Amino acid sequence: MKRWASSVIALSLFGSSPMVLAAQPHVHGAGTLQLVLEGSNLNVELLLPAMDVVGFEHAPRTAKHQEAVKTAVALLKDSRKALELPAAAQCAIAPGKVESALLETRQDHDHHEHSEEEAHADFEVAYRFDCRHPESLKSLKVTLFQHFPRLEKLEVQSVTPIGPKSQQLVPGQDTIQLD
Ligand SMILES: [Zn+2]
């Protein structure tokens with residue numbers, strides 16, 4: 001029994017993909033960030049409850065909802081609004097890829113009002129950087145808390161040449177240490 005429990009913990013720490021995380025009910029205020037540094041490639045994946053990003057988790061129903069989603073997507077696509085990379089690392093930035101159930105246009109959502117009230121939705125964002133001096137990526141400041149005040153903490157899992165590492169960020173303590 002004990003062995004079984006520890007292997008489940010190991011799986012949840014190191015074997016979880018964003019897709020698996022998205023299938024689980026999330027806690028509002030808590031996001032996750034997964035970071036992988038391999039050679040010159042830095043990949044960052046963010047999973048944020050839609051509640052923390054736009055303040056609702058149902059399909060947009062009003063012009064105000066639409067505008068909130070549009071603003072959030074534009075912000076999240078710009079990696080500089082989410083992360084501050086050390087200048088010395090000389091990373092080329094590719095635009096972030098943003099996915100969310102809130103971006104799917106469904107005409108029939110009015111008929112499913114009740115079930116949608118109970119459902120959760122996330123924003124998934126993937127950033128990809130190519131860095132000329134990856135050895136200079138010793139720390140990384142996350143600036144999401146300034147843009148999304150509902151976000152209270154971020155669970156960070158990183159995999160770098162020195163190995164896997166878990167950290168928790170909160171407002172005011174928002175720097176990922178990679179060394
Ligand atoms: Zn939710």
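## A tour from the β3-β7 pairing to helix α4

Begin by selecting Glu84 and Lys141, since in this predicted model the bridge partner of Glu84 in β7 is Lys141. Extending the selection to the whole of both strands shows β3 and β7 (residues 139-142) running antiparallel, joined by two bridges. Adding β10 then completes an open sheet of three strands in the order β3-β7-β10, with antiparallel pairing. Because β3 (83-84) and β10 (175-177) each have a single partner strand, they stand at the edges of this sheet, and one side of each is left without a neighbour in it.

**The whole chain**

Zoom out next to the full protein chain, which holds six helices and 10 strands. Of its 179 residues, 28% are buried, and among the contacts with a separation of 6 or more, 68% join residues that lie 24 or more positions apart. Colouring by confidence is useful at this stage: the mean pLDDT of the chain is 86, with 79% of its residues reaching 70 or more. Now select residues 1-22, where pLDDT stays under 50 and for which the model has 12 contacts beyond four places in sequence. Where pLDDT is low, the predicted coordinates should not be read in detail.

**Strand β6 and its partners**

Which residue in β6 is the bridge partner of Asn41? Select Asp130 to find that partner, and then widen the view to strand β2 (residues 41-49) and strand β6 (residues 122-131), which pair in the antiparallel sense over nine bridges. Keep Asp130 selected and look for Ala92, which stands opposite Asp130 in β6. Strand β4 (residues 91-93) is joined to β6 by three bridges, and these two strands run antiparallel. Moving along β6 to Phe123, you reach the bridge partner of Ser100; the strands concerned are β5 (residues 97-100) and β6, whose antiparallel pairing extends over four bridges.

**Helix α4**

With β5 and β6 still displayed, add helix α4 (residues 63-77) and place a distance between its end C-alpha atoms. The value is 21 Å, which agrees with the 21 Å that its 15 residues should span at 1.5 Å a residue. Next show the side chains of Val69, Ala72, Val73 and Leu76, which are the buried residues of α4. Looking down the axis of α4, you will find that these buried residues fall within an arc of 100°, so they line one face of the helix. What covers the buried residues of α4 includes α3 (50-54), together with β5 and β6. Turning to the other side of α4, select Ala63, Lys64, Glu67, Thr71 and Ala74, which are exposed.

**Gln157**

The last stop is Gln157, found in strand β8 (residues 153-160). Is Gln157 buried, exposed or partly exposed? Gln157 counts as partly exposed because it has 17 C-beta neighbours inside 10 Å, a count that falls between the 12 or fewer of an exposed residue and the 20 or more of a buried one. Leaving aside neighbours within four places in sequence, Gln157 is in contact with Gln34, Pro164 and Ser166, so these three can be selected together with it to show its surroundings. Finally, add Gln168, which is 11 residues from Gln157 in sequence and, from C-alpha to C-alpha, 8.7 Å from it in space.

Technical notes
Residues are numbered from 1 along each chain as its sequence is written. This is a predicted model: local features need pLDDT of at least 70, side-chain atom pairs count only at pLDDT 80 or more; totals for chains, interfaces and linings use all residues. Two strands pair if DSSP finds at least two bridges between them. Two residues are in contact if their C-beta atoms, placed from the backbone, lie within 7 Å. pLDDT is the predictor's confidence in each residue, from 0 to 100. The expected span of a helix is 1.5 Å times one less than its number of residues. The arc is that of the directions from the helix axis to the C-beta atoms.
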